[in-house]
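Let's take a walk through this one together. Have the model open, and we'll go from the sheets to the cores and finish in a loop.

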Amino acid sequence: MAAQSTGTETQDWVSRYADDVIAESERRAPGKPVVVASGLSPSGPIHLGNLREVMTPHLVADEIRRRGYEVRHLISWDDYDRYRKVPNGVPGTDASWADHIGKPLTSVPAPEGSAYPNWAEHFKAAMVEALGEMGVEFDGISQTEQYTSGTYREQILHAMKHRGDIDAILDQYRTKKDPAKAGKKPQQNQKPVDEAELEAAEGSGAASEDDGSGGAGGYYPYKPFCGECGKDLTTVTSYDDETTELSYTCTLDNFTETVRLSEFNRGKLVWKVDWPMRWAYEGVIFEPSGVDHSSPGSSFQVGGQIVGIFGGKQPIGPMYAFVGISGMAKMSSSKGGVPTPGDALQIMEPQILRWLYARRRPNQSFKIAFDQEIQRLYDEWDKLSAKVADGSALPADAAAYSRAVGVAGRELPRTPRPLPYRTLASVADVTAGDEEQTLRILSELDPENPVTDLDTVRPRLDRAEAWINKYVPAETRTIVRTEPDTEALAGLDDASRESIRLLLEGLDDHWSLDGLTHLVYGVPKVQAGFPADATAKELPAEIKGAQRTFFALLYDLLVGRDTGPRLPTLLLAVGADRVRKLLGA
């Protein structure tokens, strides 16, 4: 069955790729499930840059499922990669983990205190949990299991038999330099990339492995792990195609061994051969690649030629751009590196995180907010939700929203009553998580439709509380005064006293979020001789300055600073009686 386009003018990027993938799958493997793929190396915390490696094919696979096709999303866990370095800031590790560099990730001990048997499983588990929360369906493939069980034996023997052909392909690129690494100046208008973005863009740890060249006995695309030390610091010295006898020497401990490759399972193809071998073996139709695969001689580019040796074709798929982070400075330095999907899901609902990846084309970079920007992001999401509900959203925006809130056949659990994130954050800030106080404040936001159970505003409330507690610096947290600032109150001028009097007079009649908003913005208007409901067009420009002065006065008297949470929310949080006390009534 051929793919049916819905018209490119109304399609989002996901639909366009789904069209291409379905058509390509029908050409290559008619009647078979469509195969899309991702690859992740659990060499340390799997971060939000790596998540794009999963979300790009996930969204395409989900669209294909929505159209009624059978599709498999493979995630290859590159847990047979070599352990390259000890990541910074991983709890339960110390310098002794460097002793394991060169071993497969599944042969490295997990951090102290981990519930998992090895390094790879420890970091894989956190990603699997996050993907489950996000509704990502996939078939996981452990490359350790594939290699050590002999699954790829025929492919390994085939690669060794055709090592001369592979070497000839690789040799075309060995003299080419990556411009970024050759000291080439950035192109005009090219944005400089900071270290955090580079780390976020880094793909599988395997991408930096050698291609098998450099051995004294010629080129071999296979690297054994040493039978003595378990590391890959080995050099193949000879190989016999007829008997499949392979000899190697370990450069670390001079251990030598001769094995029969037709029976030997303790080694793997070098990365630039391993990846295209798997494309052919799995029949992958779609797989994106990161910017680390875009340079001359990159794994993806070279793999496109090597895959033919295994009787396969290169997948179609875009190169995906950076995922940056805003708010890194506020994050604990002990975390090390870039935050993970699990970190993001502590402060935002799965729908919001899905939306960030769905609404931008893969080649568009974007940032994930861990700072104040998360409040604006939620405002934007809530506006889109309203537009989708009333049918006024643009088609591409509505498509991204649909992909964010659910997957084929089901919607993700959502907050029953999604109050504004910034309101919930302000309440969490002032109440310090006190549930009784939180419920009191939220019940007064809209007296005609009060919140009577905090479960109706969860999990959004929990995410806002986590953001306040984890990512808002202590010095900017809101601490309400316990006693009035009598000195400041005594020094008020007549205009300030009058503004406070007008505010206190109107408290009872305006005790709701909308009512207090009207009141605090209206007091400076009334003082200037205008109606409280006068619009901006009816007012002189200086009214905005008077409003800012009034707000700063209230913040100072209530929390001892000139800024804070939105005043209506703050007033509700403090409570009418305490507001009167702190304002000298």
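Which residue in strand 2 is the bridge partner of Val35? It's Arg72. Bear in mind as you look that this is a predicted model.

That pair is a good way into the parallel sheet. Strand 1 and strand 2 (residues 71-77) run parallel and are joined by 7 bridges. Zoom out and you'll see that they belong to an open sheet of 3 strands, ordered 1-2-3, with parallel pairing. Strand 1 (34-40) and strand 3 (139-142) are the edge strands, each pairing on one side only. From one strand to the next, the twist averages 25°. Helix 2 (residues 48-66) packs on this sheet, where it touches strand 1 and strand 2. The direction of helix 2 makes about 165° with that of strand 1.

Now for the antiparallel sheet. As general background, strands of a sheet pair through backbone hydrogen bonds, and they can do so in a parallel or an antiparallel way. Here we have an open sheet of 3 strands in the order 5-6-7, and the pairing is antiparallel. Strand 5 (234-239) and strand 7 (256-260) sit at the edges with a single partner strand each, so one side of each has no neighbour in the sheet. Neighbouring strands are turned by 25° against each other on average, ignoring direction. Follow strand 6 (residues 245-250) and you'll find that it pairs with strand 7 over 5 bridges, in the antiparallel sense. Look for Tyr248, which stands opposite Glu257 in strand 7.

Next, the nonpolar interior. The largest nonpolar core has 107 residues, and Leu51, Leu353, Tyr357 and Ile368 are the ones with the most contacts inside it. Pick Leu353 and look past its neighbours within four places in sequence: the residues in contact with it include Leu48, Leu51, Met134 and Ile368. Pro341, Ala344, Leu345 and Met348 are also among the contacts of Leu353. Apart from this core lies another, of 30 residues, among them Ile156, Ala159, Tyr222 and Ile309.

Last stop: Thr340, in the loop between strand 11 (323-326) and helix 10 (341-347). Is Thr340 buried or exposed? Its relative accessibility is 17%, and the cut-off for buried is under 20%, so Thr340 counts as buried. Setting aside residues up to four places away in sequence, Thr340 touches Pro45, Ile46, His47 and Leu48. You've met Leu48 already, as one of the contacts of Leu353.

Key
Residues numbered from 1 in each chain as written. Predicted model: local features only at pLDDT ≥ 70, side-chain atom pairs only at ≥ 80, totals over all residues. Heavy atoms only, no water. Helix = DSSP H or I, 4+ residues; strand = E, 2+ residues; numbered from the N terminus. Buried < 20%, exposed > 50% of the residue type's maximum accessible area, 1.4 Å probe, protein only. Contact = heavy atoms within 4.5 Å. Pairing = 2+ DSSP bridges. Axes fitted to C-alpha atoms, helices over the stretch in contact; angles between N-to-C directions. Core = buried A, V, L, I, M, F, W, Y, C linked by side-chain atoms within 4.5 Å.
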